[in-house]
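Visitor: Before we begin, I would like to know how the terms used for a structure are justified. Could you take me through some of them?

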Amino acid sequence: MKGIYRVLWKELVQVFRDGKLVFSTLVLPVFLMPVFMFGPSLVLDRLLKGAQEERQEVAVFGLPEEALSALRAANLLPKPHPDPEKAVRAGEYPVGVRWEGGTYRVYGRLSGGLTEGQVAVGKVQAALQSLKEAKVAEVLARKGIPHEVLTPFRVEVVNASSEREKAGGLLGFLLPFFLVVFVLSGGQVVAVDATAGEKEKGTLEALLMAPVPLLHLALGKTLATVAMALLSGVSGLLGLALGGALAARLGGGLLTETGQTLELGGQVALDGGSFLALFLSAFLLALFMGAVMVSLGLYARSFKEAQSYMAPLQLLALLPLLFLQFRGFFEPQAWYHLVPLFNVALLMDALLKGSATPLQAGLTWGSTLAYAGLALLYAVRVFAREEVVFRN
Amino acid sequence: MIEVNHLSKAYGKRLAVADLSFQVAPGEVYALLGPNGAGKTTTLRILSTLVRPTGGNAKVAGFDVVREPLEVRRRLGLVNGGMRVYDRLTGREALAFFASFYGLEGQAFQEALNWVVELLQMEETLDRKVMEMSTGMRQKVVIARAILHRPPVLLLDEATAGLDVFARRALLEFVKAYRDLGHTLVYSTHAMSEAEEVADRVGFLHKGRLVYQGSLTEARSLGQGSLERAFVQVVKEAA
């Protein structure tokens, strides 16, 4: 077993002596994550506020004075134009309005994400809605009908989630998602260098000459990959936590491109058991992916070829996680906890929300360990195949 | 010390090594000569347990290369021209890493290190990172890695490739010195002048077949004093 430790040590020393690699894999994510998560949100927030406060010009045709007044009151500047639709399409105005046959037709360029035009359209809609309500209220008052007749009852939506579920928020999705991203990106650095890198540099043959079973070599390299993957995962999650703290300071939400605010959560207080369970899940995930990456890396002829295998692997690994977003739509089934990667993501989500059961945990860990074992055996078989080892 | 009997290796329909037989005794340098693609590297890879033969058998230090690979590796050193050591480790760390696989740790490693440093004159390389070494220094570390456990059998495959004149000279001197210690060496090369300098016996490989083997003196006399002439003559006759 000493052979495993020696290979692990050698791989990690090689990695940690590469300052640039350590910086880009372990340091940079801590600072990049908050920027990545909240940078666009902050910029969007500022742009939306700016657009709300700015006085946009509105191309108008045939509007009555009361409507023009309503637009002016909503901080808009109506400008008469014979064809508002054409003016908006040509980009001369962010928004246009035509009054025709009892309809206010509002024109805006609404394709392609949130734009100033959409904000202006929203302002026009709100102004006209207020005008409509004022006119309705005026008619009702004239006829002696109380205004309350328009709201015979109210509808209230109450979030009945448990406190821990609420605290989990989006983290239940973000945590496994980013964990997989960082485990893969951090792990591949070692996996590629320890396999295709060794082949390319001419060091693999010397290592294979050592009187040590191939399983020890494969396990040593896989564990080095796991160590780096976990460190990278911790680094990414530190960034996520930093981002979460920043989010809490800025109101606890993430602004989406449609202008909706998503609750991030980030108030999770895990007990020791849940924390250990999360760590074990992350470790098994890293072990599984590490063995897969080592196998792929060894199969490649060169460093470049190995990297070209890693990009599709990353996409493939993220695919089941995307379905985690829809977990609220389906009834939980035990077999979901046997689906590679998806099971770990489901369990992490459940752990964060305090709803994980021993069966879910057992199935997830057992199956992931089995997948890791199979991947490791495959790595050993690849190591033993001379046509693979010498195909450079 | 090395026994090769009817050894073959096929890659699909192509025979890389065909019915190869030879023996090498302790205290002997056997030069395996042939152009690129003659089967020299495949033969040495079979002897070093990295490649499995498809026919015949081979023993190194009394152990079968297929059935007892770990025992063979414990008694064998391999140096080839393309071999490198880890560039971010120092010479000492790289050697300690490989030595540990042979149980050489602590005092045992230090003694092995002292021996190899003296033999190869490589004191200045020990505490330098491999990436900061010259080609010759690096090759010394590669050789040191292969002999640190004092293997009774050493295989060298185009070991002077890429070396400058000084490093090449040092390597040839080392081969003779290691032979004089009573060890068994196979020296594979396409450079006849190197074989003439170090070999006791030679074998000519052509398209995977051993077309001639004999002592260096016999081979030279076959080529009227020139090993190269003998090689060309034998290969032409075999073709």
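Guide: What follows sets several terms against their cut-offs, and the structure shown is a predicted model.

Visitor: Why is A:L322 called partly exposed?

Guide: A:L322 has a relative accessibility of 37%, and because the term partly exposed covers what lies between under 20% for buried and over 50% for exposed, A:L322 falls into that class. The residue is placed in helix α12 of chain A, which covers residues 303-322.

Visitor: What makes A:L322 eligible for a nonpolar surface patch?

Guide: A patch takes residues with over 30% relative accessible area, and A:L322 stands at 37%. The patch, of about 550 Å², is made by A:L322 together with A:L319, A:F323, A:F326 and A:F329.

Visitor: How do you know that A:R6 and B:E105 form a salt bridge?

Guide: The closest N and O atoms of A:R6 and B:E105 are 3.7 Å apart, and the cut-off is within 4 Å, so the pair qualifies as a salt bridge. Between chain A and chain B the count is six salt bridges.

Visitor: How much area do chain A and chain B bury between them, and which residues of chain A supply more of its share than any other three?

Guide: The two chains bury about 2,700 Å² between them, with 59% of it on carbon and sulfur atoms. On the side of chain A, 26% of the area buried against chain B is supplied by A:R17, A:M209 and A:P211, more than by any other three residues. The contact itself takes 25 residues from chain A and 31 residues from chain B.

Terms used: Residues are numbered from 1 along each chain as its sequence is written. Chains are lettered from A and ligands numbered from 1 in the order in which they are written. This is a predicted model: local features need pLDDT of at least 70, side-chain atom pairs count only at pLDDT 80 or more; totals for chains, interfaces and linings use all residues. Side-chain values use heavy atoms; hydrogens and water are left out. Patches are made of residues with over 30% relative accessible area and no salt bridge: like charges are joined within 9 Å, nonpolar side chains (Val, Leu, Ile, Met, Phe, Trp, Tyr) within 5 Å. Accessible areas come from the Shrake-Rupley method with a 1.4 Å probe; for residues, only the protein chains shown count as cover. A salt bridge is a side-chain nitrogen of Lys or Arg within 4 Å of a carboxyl oxygen of Asp or Glu. Helices (H or I, at least four residues) and strands (E, at least two) are DSSP runs, numbered from the N terminus. Buried means under 20% relative accessible area, exposed over 50%, partly exposed in between (1.4 Å probe, protein chains only). Contact means heavy atoms within 4.5 Å. Buried area is the accessible area (1.4 Å probe) that two parts lose on being put together, summed over both.
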